[in-house]
Amino acid sequence: MSVWAILAAAGSGERLGLDRPKAFAPLNDRPLVAEPLERLDASEWVEGIVIAAPPAWEEPCILVAEEVAAGKVSKAVTGGRTRSESVRAALAEVPDDATVVLVHDAARPLITNEVIERVITALGDGWDGAVPTLSIADTVKRVDGEAIAETLDRASLVTAQTPQAFDANVLRDAFSTLQQTVTKSTDCASLVEANGGRVRAVEGDPRLLKVTTPADLELVASWL
């Protein structure tokens, strides 16, 4: 099995209030992107890494990879306007003989080898993809403007995380077939699902928090 990882790191991070992309937000005295890069590189499951970098930040991403000795990084490509467009650009640099593609958001820095293993090994039995998920503890409401329209049954609802693992050919086909949908999708699993693929839910990790606000960054830093 040849597993290649795509690290989606092109987010602007406007809600962090920084003068730099989110991937370069300071996390314990080094760029945020350094943490997931180091962890992906250390995983025995991962053969190679392609970074989807913020425009004009491709070289700094490579320099960070060199600083953390992430020797599996093959290239940093220019990310697009949306996350899916960034992943598509990186996917084009994944070797044709890769059998599995792992897609991870740099904004979730505390990726573990246990979650990587869970999503990759879950691709057996005919599954086209696998997504780490968490159950929802809060009551979930659907609203219409300011009015609560419906209370949803949370028993069948989960939140999705990354890394997400996919059969490489299935993921490529989804990006190729659903070109009009790519810009609207918020994760790769939704594209594979829309293209008829079977995606399996596996156990996620509460510490795979997505950094969006300064408070998120502080919390992740406290866990390191």
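The exercises below work through cysteines, charged pairs and nonpolar cores in a predicted model.

**Exercise 1. Determine how many disulfides the structure holds, and explain why C61 and C188 do or do not form one.**

Step 1. The criterion to apply is a pair of cysteine sulfur atoms within 2.5 Å.

Step 2. Starting from C61, the closest cysteine sulfur belongs to C188 and lies 18 Å away, which is too far for a bond. Starting from C188, the closest cysteine sulfur is that of C61, again at 18 Å and too far for a bond.

Step 3. The structure therefore holds zero disulfides, given the 2.5 Å limit.

Step 4. As for their surroundings, C61 is buried at 0% relative accessibility, and C188 is likewise buried, with a relative accessible area of 0%.

**Exercise 2. Find how many salt bridges a search of the whole structure gives, and classify the partners R20 and D19 as buried, partly exposed or exposed.**

Step 1. The search of the whole structure returns eight salt bridges. As background, side chains of opposite charge can pair when their charged atoms come close.

Step 2. One of these bridges joins the side chains of R20 and D19, with an N to O distance of 3.2 Å.

Step 3. Because exposed requires over 50% relative accessible area, D19 at 69% is exposed, whereas R20, at 37%, counts as partly exposed.

Step 4. A further bridge connects the side chains of E150 and R142 at 3.0 Å, N to O; here E150 is partly exposed at 35% relative accessibility, and R142 is partly exposed as well, with a relative accessible area of 41%.

Step 5. Salt bridges that share partners also join R30, E35, E38 and R39 into one network.

**Exercise 3. Establish which elements the salt bridge between D105 and R83 ties together, and whether its partners are buried or exposed.**

Step 1. The closest N and O atoms of D105 and R83 are 2.7 Å apart, and the two residues form a salt bridge.

Step 2. D105 belongs to strand β6 (residues 100-105) and R83 to helix α3 (residues 83-91), so the pair ties together parts that are 22 residues apart in sequence.

Step 3. With buried meaning under 20% relative accessible area, D105 at 9% counts as buried, and R83, at 19%, counts as buried too.

**Exercise 4. Describe the largest nonpolar core, stating which element gives it the largest share and which residues L37 contacts beyond its sequence neighbours.**

Step 1. The largest nonpolar core has 35 residues, and those with the most contacts inside it are V33, L37, L40, I49, I51 and L102.

Step 2. Two or more residues each come from β1 (3-8), α1 (34-42), β4 (48-53), α2 (58-67), β5 (73-78), β6 and α4 (113-121), and the largest share, four residues, is that of α4.

Step 3. Once neighbours within four places in sequence are set aside, L37 is in contact with L7, I49, I51, C61, V64, A65, A70 and V73.

Step 4. A second, separate core of 24 residues includes V50, A90, L171 and F175. In soluble globular proteins, nonpolar side chains tend to be buried together.

**Exercise 5. Locate T112 and state which residues it contacts when neighbours within four places in sequence are left aside.**

Step 1. T112 sits in the loop between β6 and α4, where its relative accessible area of 18% makes it buried.

Step 2. With those neighbours left aside, T112 is in contact with R39 and D205; R39 is also one of the residues in the salt-bridge network of Exercise 2.

Conventions. Residues numbered from 1 in each chain as written. Predicted model: local features only at pLDDT ≥ 70, side-chain atom pairs only at ≥ 80, totals over all residues. Heavy atoms only, no water. Buried < 20%, exposed > 50% of the residue type's maximum accessible area, 1.4 Å probe, protein only. Salt bridge = Lys/Arg side-chain N within 4 Å of Asp/Glu carboxyl O. Core = buried A, V, L, I, M, F, W, Y, C linked by side-chain atoms within 4.5 Å. Contact = heavy atoms within 4.5 Å.
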